[in-house]
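Subject: Structure for your review

Dear colleague,

Please find below the structure that I am handing over to you. My findings follow directly after it.

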Amino acid sequence: MSITREQLVEIFTYHAPTPDQVPKYNELRRAALDFSLVILAQTPACADQSAAIRHVREAVMTANAAIALAGRI
């Protein structure tokens with residue numbers, strides 16, 4: 001699948017959250033925090049722990065993009 005110029009413009013345009021999106025963003029952040037706290041509590045402080053938490057953060061950012069773009073990309 002190739003990406004179009006229009007899709008790039010859509011991706012890199014600010015999308016203010018709508019009232020119905022705000023609870024979705026909040027739920028994602030809450031779940032990510034809960035999971036990150038489990039990772040922090042159950043794994044030793046090390047590069048892998050940091051990477052695991054970083055991946056949770058990346059997953060939230062990607063999920064946020066899915067909400068913001070409403071499946072248009």
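Arg72 is partly exposed, with a relative accessible area of 45%. Please note that this is a predicted model.

**Salt bridges**

The side chain of Arg72 forms a salt bridge with that of Glu10, at 2.5 Å from N to O. This pair connects distant parts of the chain, since Glu10 belongs to helix H1 (residues 5-11) and Arg72 to the segment after H3, 62 residues apart. Glu10 also counts as partly exposed, at 22% relative accessibility; the limit for a buried residue is under 20%.

In total, the structure holds three salt bridges. Glu27, Arg30 and Asp34 are linked in a network of such bridges. Within this network, the side chains of Arg30 and Glu27 meet at 2.8 Å (N to O), and those of Asp34 and Arg30 at 2.4 Å (N to O). Arg30 and Glu27 are three residues apart in helix H2 (residues 22-42), and therefore about one helical turn separates them. Asp34 and Arg30 are four residues apart in helix H2, which again corresponds to a separation of about one helical turn. As to accessibility, Arg30 is partly exposed at 40%, Glu27 is partly exposed at 41%, and Asp34 is partly exposed at 37%.

**Nonpolar surface patch**

A nonpolar patch on the surface is formed by Ile3, Leu8, Ile11, Phe12 and Ile73, whose accessible area together is about 470 Å². Ile73 lies in the segment after helix H3 (47-69). With a relative accessible area of 39%, Ile73 is partly exposed; patch membership requires over 30%, so Ile73 passes that cut-off.

**Largest pocket**

The largest pocket has a volume of about 170 Å³. Its lining consists of Ile11, Thr13, Tyr14, His15, Pro17, Tyr25, Met61, Asn64, Ala65, Ala68 and Leu69. Helix H3 gives the most to this lining, with five residues. By character, the lining residues of the largest pocket comprise eight nonpolar and three polar ones, with no charged residue. Ile11 appears both in the lining of this pocket and in the nonpolar surface patch described above.

I should be glad to receive your comments on any of these points.

With kind regards

How values were computed:
Residues are numbered from 1 along each chain as its sequence is written. This is a predicted model: local features need pLDDT of at least 70, side-chain atom pairs count only at pLDDT 80 or more; totals for chains, interfaces and linings use all residues. Side-chain values use heavy atoms; hydrogens and water are left out. Patches are made of residues with over 30% relative accessible area and no salt bridge: like charges are joined within 9 Å, nonpolar side chains (Val, Leu, Ile, Met, Phe, Trp, Tyr) within 5 Å. Accessible areas come from the Shrake-Rupley method with a 1.4 Å probe; for residues, only the protein chains shown count as cover. A salt bridge is a side-chain nitrogen of Lys or Arg within 4 Å of a carboxyl oxygen of Asp or Glu. Helices (H or I, at least four residues) and strands (E, at least two) are DSSP runs, numbered from the N terminus. Buried means under 20% relative accessible area, exposed over 50%, partly exposed in between (1.4 Å probe, protein chains only). On a 1 Å grid over the protein atoms alone, a cavity is a set of points where a 1.4 Å probe fits but cannot get out, and a pocket is an open set with protein on both sides within 12 Å along at least five of seven lines; lining residues have an atom within 4 Å of a point. Grid points are joined across faces, edges and corners, and a volume is the space filled by probe spheres set on the points. Ala, Val, Leu, Ile, Met, Phe, Trp, Tyr, Cys and Pro count as nonpolar, Asp, Glu, Lys and Arg as charged, and the others, Gly among them, as polar.
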